[in-house]
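Student: Could we go through this one together? I'd like to talk about how the pieces pack.

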Amino acid sequence: MCDSITSYPAHLKAPYATEDQSFRFVVELWGGTLQIPEQVAFINQLEGPTQFKGRIDLQHPQHKFWVIMVVAPELTNGLPKVPARYYFGREVAASDRSIIKRYELPSRRYLGPTSMEAEMAFIMCNQAKVSRGSLVFDPFVGTGSILVAAAHRGAYTFGADIDMRVIKLGKKDGGGSAVNVRTNFDDYGLPQPVGLLRADLHRLPLRPGLEEVLDAIVCDPPYGVRAGGRKTAARDYTPRNRDTHIPATDPYQLGECLRDLLDAAARLLRIGGRLVYFLPAIPGYYSPEEVPAHPALTLVANCEQVLSTRYSRRLITMEKTAGYDTSAAEAYHTASGPPR
Ligand SMILES: C[S@@+](CC[C@H](N)C(=O)[O-])C[C@H]1O[C@@H](n2cnc3c(N)ncnc32)[C@H](O)[C@@H]1O
C-alpha cells in the first residue's frame, strides 16, 4: 500500500499536501482490533509516501484519510476466504452508521423469515437513489423492511404483496398486541405508506396506461429458497363473498416473476428512475447472461453477496433510460423466448 501511495501522481496528492492543510489518518482493521501503539506505528509509515506537510488535527481536520485493512480470513464463517486487502483513501462523505443499530431486525415487533436486514435495505435504497420526496414501490413488501429504509430517507412508500395475511392481518407480538407492516412504520415514528395493496405482480391492478409515476422500485423477489413465488391461479373463478375470498394461487417461476418485474419497472418508472432487486445465483455456475434485460432499462450495477459456499445473490441495479414501448417490449420478449 505504501508503494501505491508513493507512486500515486504527485499533482493529485499536492492539493492535500501543502503546509496550510490540516489532516488526520484513521486506521481501521476489519476482523480484528488494532491497539493504539500499532495504529500509531502504521500511521508513521505513511508519512514518507504521502508527503503531507500540513498540520495534524485530530478534532477538526480539513481532510480525513482512511486506511482500511481486511486481513481476517477466519472471520469468513465458512465462506470463501477473503484475501488480505488494504485500502487507502480520502473521506469525501460519511454515512450515519448509527441507523443500522437503530433499525436492526431483532428490535422489530413484526418480522418474517425473509425480512430484509436493515443495512442491506439501506444499501438497496442508496443504489436506487432514494431521497426525500421519492415515490418508492416494493411489489413484494412482506414485513416492509425495504420501505422502512426508504421512509427513513424521506420517501413516500407504496407496497404490495400477494399474501393477504401480510397486508391485512399481521401477527401478535410477544405481549399479545397486533403487529403488522403498518406498526413497523409507527414504531420508528415514520410516515405510513401511501398505499399497501394485496396485489399479484403478475396481474398488477394498476390503471392500464399508467406510466412514469415512480422514482424507484426496490424489492427482494420471492425465489424459492425460503419463500417461493405464487401467482393468481389462471382458472376463472367468481368469488361468492368478495370480502372474505382469497384467490387460489399457482407457482410463480422466477423467470416469469423477473420478466413481470422488469416490465412493471419499464412502465412505471420515470426516465432516470431505478429498479433495484436481488437475483439468486450459484457461485461457480453464474454467468452474466442470467441477468434479465429489457429494452427500456440499462444495467447500472451487478454486485455479488456471497451467502454460503453454495449460494449467493446479486444486487442488480437498473435505470430506466428509454420510454416504454409496448411493441419493442413484446418483440424483445418474443425474441428471448419463454421466461426460464
Ligand atoms: C422475499 S419476500 C420479501 C420480504 C420483504 N422484503 C421483507 O422485508 O419482509 C417475498 C414476498 O413476495 C410475496 N409474493 C410472492 N409472490 C408474489 C406475487 N406474485 N406478487 C406479489 N407478491 C408476491 C410473498 O408473499 C413474500 O411476502
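**Helices and sheet**

Student: Is the crossing of α5 and α6 left-handed or right-handed?
Tutor: The crossing of α5 and α6 is right-handed, meaning that the near helix is turned clockwise from the far one by less than a right angle (anticlockwise would be left-handed). Helices (H or I, at least four residues) and strands (E, at least two) are DSSP runs numbered from the N terminus. This is a predicted model: local features need pLDDT of at least 70, side-chain atom pairs 80 or more, while totals for chains, interfaces and linings use all residues. Residues are numbered from 1 along each chain as its sequence is written, and side-chain values use heavy atoms, without hydrogens and water.

Student: At what angle do the axes of α5 and α6 cross?
Tutor: Roughly 60°, and the axes come within 8 Å. Axes are lines fitted to C-alpha atoms, for helices over the stretch in contact, with angles from 0 to 180 degrees between N-to-C directions. α5 and α6 are therefore oblique to each other; under 35 degrees is roughly parallel, over 145 roughly antiparallel, 65 to 115 roughly perpendicular, and the rest oblique.

Student: Which residues of α5 meet α6?
Tutor: Ala121, Phe122, Met124 and Cys125. Their partners in α6 include Ile146 and His152. Contact means heavy atoms within 4.5 Å.

Student: Switching topic: what is the strand order in the open sheet?
Tutor: β9-β6-β5-β10-β13-β15-β14, with mixed pairing; two strands pair if DSSP finds at least two bridges between them. β9 and β14 are the edge strands.

Student: And which strands does α5 lie across?
Tutor: β10, β13, β14 and β15, running at about 145° to β13.
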